[in-house]
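Biologist: Hi! Could you walk me through this one? I have a few quick questions.

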Amino acid sequence: MATLKDVTAIAGIGQTAFARQLPESEKVLACRAIIAALDDAGIAASEVDAFASYTMEETDEVEVAKAIGAGDVTFFSKVGYGGGGSCATIAHLAAAVATGQAGVGVAWRSRKRGSGPRPWKNTAVQLPAPAQWTRPYGLLRPSDEIGMLARRYMHEYGATRDHLFNVALACRNRANQNPDAMMYERPLTRDMYMTSRWISDPLCLFDNCLETDGALACVIVSAERARDCRQKPVYIHSVAQGLPAQHHGMVNYWNDDPLTGPAWTAARQLWKQADFGPDDVHVAQIYDAFTPLIPLSLEGYGFCGRGEGAAFTEGGALESGGRLPINTGGGGLSEAYVHGFNLINEGVKQLRGVSTAQVPDAATCLVTAGEGVPTSAVLLRS
C-alpha cells in the first residue's frame, strides 16, 4: 500500500510577532509569515504552486498568491473545524507533492483573534442544528463545552485542578524561555492559578488559551528537494485525520463515551502508518486551547491508558527532562493561540535542534490538532 511516509518534508517555517493587538491586516500578516517561511527554505515565491489553509482563514489563496508573487497554482485546499484542521493542512500538501500535483506547497494561518471579535458574538451563525440543543441552555463558548467535558472527566477518573495546573505550568515554563512568546518572562504559580477568576467552571483563566494576533506558515516539498534546501529537512512521517462515528462537536453527546474524542480515531490511522509508536516519541506538541485537552489527548494518542491522562501529568512529566516534554514553545496557553499552527513550527524547531527549550537529541515529534472537534495529527522525524 502506498503511503506518505517520509516522501515529503517541511523545508521552511515562518511567523510574525505575536501580540494581543497588531496593526497589520490578516492579509499582510499572512504574506509576511509566508515570505519568511520561503526565505527560511531558500525557495522563491514564484515556485509556489500549492496552498492549504483553514476554512476559517479570512485570507484566501487568490489574494495571497498575487501578493507574494506565486506562479501558476495547481493545488489548493482548505480544512474545516478551526484548530482541528492545523495538521491536516500539512497532510493535504504532503499528498499533493507526493502525487505530483504540486512541487512547492505553503500552509498558513493568519488570525487577529486578540484585537478582533470573539466568534460566538456573531449570533446569526450560532444555531446550526446541533447547537440548538446546547446554545439555548448556556453552552455558548468553547470554554463552556470543554468545561462540561472536563467536569465529566474529573467525576469519572478523579482528576483535580492540580492536574490541570500541571498542564498550564508546563506550557508557561516553556514560554518563559521563549522570547517570542506572549507570556515570556511572566511566571505562573500555583497560587496565581488557584485564585484566578473562573471562565467556565471548572476552567479558570489559566486553563484557557491566549487571544492572539499573528500568523505562521510552513513550506512543504519532496524529501529529495528538501535535502538541498537551506535548512535541515524535517520529514513528514505519518499524517491522519479523525472524525469518529456519531460525533457531535466539542460535547460528543451521541458517542457511547463522550470522553473518547476524535483523537482516538486519528491516532489509530496515524500509528498504523508509522514505523514507531508512542513510546518512541521524544517530544510532543499537543493542541492546548484548554488544559483538559492535554490529558484527553495523552490517552487518545496512546501515551497512557483510559482515565490515566491526569495522573500522567504528575511529577513534572510534561516538563523539560520529563517523561514527555510538551509544547516546548509555550503552546496556545502561553506562546500564542493561532489555531495550533505554532505547534507545527515548534515541532520543526525541535527536530532542527533550535528550540528555545530544546529536548536533547530529539528525532521524533508528534503534533496534534484540536481535540473535541474533527481533528488531525502529524508525526515528524529528523
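Biologist: Where is P202 found?

Modeller: P202 is in the loop between β5 (198-200) and β6 (203-204). Strands here are DSSP runs of E with at least two residues, helices are runs of H or I with at least four, and both are numbered from the N terminus. This is a predicted model, where local features need pLDDT of at least 70 and side-chain atom pairs count only at pLDDT 80 or more, while totals for chains, interfaces and linings use all residues. Residues are numbered from 1 along each chain as its sequence is written, and side-chain values use heavy atoms, with hydrogens and water left out.

Biologist: Thanks! And the peptide bond from D201 to P202, cis or trans?

Modeller: That bond is cis, and its omega is near 10°. Most peptide bonds are trans.

Biologist: New topic: what is phi for N327 and for H339?

Modeller: For N327, phi is near 45°, which is positive although the residue is not glycine. H339 also has a positive phi, near 55°. Most residues other than glycine have a negative phi.

Biologist: Where does each sit, and is it buried or exposed?

Modeller: N327 belongs to the loop between α10 (309-312) and α11 (331-334), and it is buried at 0% relative accessibility. H339 is in the loop between α11 and α12 (341-352) and is buried too, at 4%. Buried means under 20% relative accessible area, exposed over 50%, and partly exposed in between, using a 1.4 Å probe and protein chains only.

Biologist: How many disulfides are there?

Modeller: A search of the whole structure gives 0, where a disulfide is a pair of cysteine sulfur atoms within 2.5 Å.

Biologist: Why no bond for C31 or C171?

Modeller: Distance! The closest cysteine sulfur to that of C31 is in C218, 16 Å away, so it is too far for a bond. For C171 the closest is in C209, at 11 Å, also too far. C31 is buried at 12% relative accessible area, and C171 is buried at 0%.

Biologist: Which residues of α1 meet α2?

Modeller: In α1, K27, C31, I34, I35 and L38 meet E63, V64, A67 and I68 of α2, with contact meaning heavy atoms within 4.5 Å.

Biologist: At what angle do α1 and α2 pack?

Modeller: Helix α1 (residues 26-41) and helix α2 (residues 61-68) pack at about 55°, and their axes are 10 Å apart. The axes are lines fitted to C-alpha atoms over the stretch in contact, with angles from 0 to 180 degrees between N-to-C directions.
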